Amino acid sequence: YVKPILDIIGTHPDIDFGTPGMLVHYVEQFSGKGYEELLIDSVRKNPTPHNIWMVHRCYNDCDAALHGMIDNLLSELREDCNIPAEIKKEIEGFAW
């Protein structure tokens, strides 16, 4: 159920899912079992303030290889002229 939950979070940016909320707690149970990769794919398709925040949570808890994947994602988002300014501001609001 992780992918559909991430899809819901990615396609409903105006919903307050909580911080972290039940959905985030649920999907984080699958950390190290493909969750992080699914999250990165979801953010790449539909970046929202909430899923950027979720990526930051992963960044704080992850290994060097995952840091590289997240750094690549962030570079892509920062350079993409189609990404809204609010998402870029959200990214820059975190200490990566």
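**Contacts, burial and side-chain pairs across the helices**

Apart from its neighbours within four places in sequence, Ser 42 is in contact with Leu 6, Asp 7, Pro 47 and Asn 51, where contact means heavy atoms within 4.5 Å. The structure is a predicted model, in which local features need pLDDT of at least 70 and side-chain atom pairs count only at pLDDT 80 or more, while totals for chains, interfaces and linings use all residues. Residues are numbered from 1 along each chain as its sequence is written, and side-chain values use heavy atoms, with hydrogens and water left out.

Ser 42 lies in helix H3; helices (H or I, at least four residues) and strands (E, at least two) are DSSP runs, numbered from the N terminus. Ser 42 has a relative accessible area of 4% and is therefore buried. Burial is assigned under 20% relative accessible area, exposure over 50%, and partial exposure in between (1.4 Å probe, protein chains only).

Thr 48 is located in the loop between H3 and H4. Thr 48 counts as buried because its relative accessibility is 2%. With neighbours within four places in sequence set aside, the contacts of Thr 48 are Ile 9, Gly 10, Pro 13 and Ile 87. One of these partners, Pro 13, is placed in the loop between H1 and H2. Pro 13 has 46% relative accessibility and so counts as partly exposed. Between Pro 13 and His 56, which are 43 residues apart along the chain, the C-alpha separation is 17 Å.

Helix H4 covers residues 49-61. For its 13 residues, a rise of 1.5 Å a residue predicts a span of 18 Å, and the end C-alpha atoms lie 19 Å apart, which agrees; the expected span is 1.5 Å times one less than the number of residues. The buried residues of H4 are His 50, Asn 51, Ile 52, Trp 53, Met 54, Val 55, His 56, Cys 58 and Tyr 59. These buried residues pack against helix H1 (2-11), helix H2 (21-28), helix H3 (35-45), helix H5 (64-79) and helix H6 (85-92).

Three aromatic pairs were found in a search of the whole structure. Rings of Phe, Tyr and Trp (its six-membered ring) pair if their centres lie within 6.5 Å; planes under 30 degrees apart count as stacked, over 60 as edge-to-face and the rest as tilted. One of the pairs is that of Tyr 59 and Trp 96, which is edge-to-face, with 5.4 Å centre to centre and 80° between the planes. This pair links distant parts of the chain, with Tyr 59 in helix H4 and Trp 96 in the segment after H6, 37 residues apart. Tyr 59 counts as buried because its relative accessibility is 10%, whereas Trp 96, at 23%, counts as partly exposed. The rings of Phe 94 and Trp 96 also form an edge-to-face pair, because their planes are at 70°, with the centres 5.7 Å apart. Tyr 59, Phe 94 and Trp 96 form one aromatic cluster.

The search of the whole structure also yielded six salt bridges, each defined as a side-chain nitrogen of Lys or Arg within 4 Å of a carboxyl oxygen of Asp or Glu. Among them, Asp 7 and Lys 45 are joined at 3.9 Å, N to O. Distant parts of the chain are linked by this pair, as Asp 7 is in helix H1 and Lys 45 in helix H3, 38 residues apart. Asp 7 is partly exposed at a relative accessible area of 27%, and Lys 45 is exposed at 53%.

Arg 57 forms a salt bridge with Glu 28, in which the closest N and O atoms are 2.7 Å apart. This pair likewise links distant parts of the chain, with Arg 57 in helix H4 and Glu 28 in helix H2, 29 residues apart. Arg 57 is partly exposed at 27% relative accessibility, and Glu 28 is partly exposed at 22%.

A salt bridge is also formed by the side chains of Glu 92 and Arg 78, at 2.5 Å, N to O. Glu 92 belongs to helix H6 and Arg 78 to helix H5, 14 residues apart, and the pair links distant parts of the chain. Glu 92 is partly exposed, with a relative accessible area of 48%, and Arg 78 counts as partly exposed at 34%. Lys 3, Asp 7 and Lys 45 are joined into one network by salt bridges that share partners.
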